[in-house]
Amino acid sequence: MRVGVLTGGGDCPGLNAVIRAVVRKGVKEYGFEFVGFLDGWRGPLENLTTPLGIDQVRGILPRGGTILKSSRTNPFKIENGVEKIKDNLAANGVDALIAIGGEDTLGVATRLADLGVNVVGVPKTIDNDLSGTDFTFGFDTAVNIAMEAIDRLHTTAESHHRVLVVEVMGRHAGWIALHAGIAGGANVVLIPEQPFDIEKVCGYVERRFQSHYSPIIVVSEGAMPVEGGDMTLVSGEKDAFGHVRLGGIGDRLAKEIEARTGKEARAVVLGHVQRGGTPTAFARWLATRFGLHAVTAVHEKDYGTMVALRGADIVRVPLAEGTGELKLVQPEQYAEAEVFFG
Ligand code: F6P
């Protein structure tokens with residue numbers, strides 16, 4: 001059997017660990033041959049391929065990024081995109097495809113599966129916002145990077161009696177902010193799911209200074225103030241999946257806090273640092289197990305499914321279950337962190 005592998009959407013640490021596990025088990029246990037498709041869905045769309053075998057996956061377990069590269073290409077936005085993909089899979093003798101991606105990449109996989117393409121999905125995203133799985137790989141690494149940044153910002157904030165605002169990724173879901181904020185001892189965490197009241201935030205800031213400590217505010221890039229959301233800066237540009245490129249809430253927030261409280265405030269945007277570098281042990285463990293189970297799903301021809309973590313077990317769920325709706329932070333989960341605000 002010949003199996004294609006691709007990685008799509010925003011990259012994250014652990015992608016190479018999945019690819020390695022897929023190839024190692026696929027070759028050893030099932031005698032599969034593999035072909036790598038480059039740049040996400042652009043690969044099968046434009047027939048961009050690369051050899052993928054044991055030699056190509058040696059030494060890649062701890063490496064960030066993806067040896068197959070990535071893009072945010074949406075074949076459903078391209079004329080005859082689906083036909084081109086089907087033709088190129090046939091031309092390469094590919095019987096099945098393993099697509100490693102987040103909501104967009106796996107959303108495409110879901111639609112292609114409905115159209116008869118043999119595809120198995122592997123959930124990845126630093127945002128951890130895919131339904132059907134307890135965790136995606138990439139998330140733990142991003143949280144650890146953000147936590148380390150918060151730890152460092154605490155000491156410099158204290159030295160200068162400053163407010164430090166840390167902007168982390170998360171367009172729709174505040175998982176990174178919530179987990180890193182709790183782990184790093186943030187004084188306020190602001191997430192997209194819970195519009196914030198700037199006066200309340202300033203109250204927390206002032207309370208923190210009264211106890212002779214400096215506040216650290218962790219804010220998701222997609223967080224919005226309650227009144228109308230006019231504090232979020234957006235460029236207006238959209239990607240192929242219709243997502244507006246965000247950025248700027250941290251800076252706006254710092255300026256607003258400074259103006260309202262008179263305390264010096266600075267913003268730090270962690271940005272793509274959260275997606276780079278080596279995966280944590282948890283990410284490598286999860287990514288490896290996802291890869292092992294995905295290639296077994298292909299062996300069993302269980303197409304249209306996605307591997308998922310449930311507790312400590314890897315299970316299979318219909319692709320549509322993973323991509324149907326985003327997994328958001330629930331009010332009671334946010335309320336746990338609120339105990340530490342101020
Ligand atoms: O989906 C992962 C993610 O890192 C989001 O957290 C972030 O909003 C987005 O990708 C950024 O995308 P890009 O790298 O294309 O600007």
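Trainee: How do you know that the length of helix α1, residues 15–30, agrees with 1.5 Å a residue?

Mentor: Keep in mind that this is a predicted model. The expected span takes 1.5 Å times one less than the number of residues, so the 16 residues of α1 should cover 22 Å. The C-alpha atoms at its two ends sit 22 Å apart, which agrees.

Trainee: Which residues of α1 are buried?

Mentor: The list is L15, N16, A17, V18, I19, A21, V22, V23, K25, G26 and Y30. To earn the word, a residue needs under 20% relative accessible area. Just after the helix comes G31, with a positive phi of about 65°.

Trainee: What makes strand β2 "mostly covered"?

Mentor: Count its residues: β2 runs over 33–37, and four of those five are buried.

Trainee: And what makes β1 and β2 a pair?

Mentor: Two strands pair if there are at least two bridges between them. β1 (residues 2–7) and β2 have four bridges, in the parallel sense, so the pair passes that cut-off. One of the contacts puts R2 across from E33 in β2.

Trainee: How do you know that β10 and β11 pair too, and in which sense do they run?

Mentor: Same test: at least two bridges are needed, and six join β10 (residues 305–310) to β11. These two run antiparallel. R310 stands opposite D313 of β11.

Trainee: Why is the pairing in the seven-stranded sheet called mixed?

Mentor: Strands of a sheet can pair either parallel or antiparallel, through backbone hydrogen bonds. Here β1 and β2 are parallel, while β10 and β11 are antiparallel, and all four belong to the sheet ordered β3-β2-β1-β4-β5-β10-β11. With both senses present, the pairing is mixed.

Trainee: What makes β3 and β11 the edge strands?

Mentor: Each of them, β3 (49–52) and β11 (313–318), pairs on one side only. The sheet is an open one, and its neighbouring strands are turned by 30° against each other on average, direction ignored.

Trainee: Why is D129 called buried?

Mentor: Its relative accessible area is 3%, and buried means under 20%, so D129 qualifies. D129 lies in the loop between β5 (119–123) and α6 (139–160). H172 is 43 residues away from D129 in sequence, yet their C-alpha atoms are 8.1 Å apart.

Trainee: Now the largest pocket: how many residues line it, and which lie nearest its centre?

Mentor: There are 29 lining residues, with R72, M169, R171, E221 and R275 nearest the centre. The pocket holds about 550 Å³ of space. Both α5 (103–114) and β6 (163–168) supply at least two lining residues, and α5 gives the most, three.

Trainee: How does that lining divide into nonpolar, polar and charged?

Mentor: Six nonpolar, ten polar and 13 charged. Asp, Glu, Lys and Arg count as charged, so R72, R171, E221 and R275 near the centre fall in that class.

Trainee: What is the lining of the second largest pocket made of?

Mentor: Eight nonpolar residues, one polar and three charged. Among the lining residues are V188, L190, F196, D197, Y204 and F341. β7 (188–190), α8 (198–210) and α12 (331–338) each give two or more, and the largest share, three residues, comes from α8. The volume of this pocket is about 170 Å³.

Notes: Residues numbered from 1 in each chain as written. Predicted model: local features only at pLDDT ≥ 70, side-chain atom pairs only at ≥ 80, totals over all residues. Heavy atoms only, no water. Axes fitted to C-alpha atoms, helices over the stretch in contact; angles between N-to-C directions. 1 Å grid on protein atoms, 1.4 Å probe; cavity = no way out; pocket = protein on both sides within 12 Å on 5 of 7 lines; lining within 4 Å. Points joined across faces, edges and corners; volume = space filled by probe spheres on them. Buried < 20%, exposed > 50% of the residue type's maximum accessible area, 1.4 Å probe, protein only.
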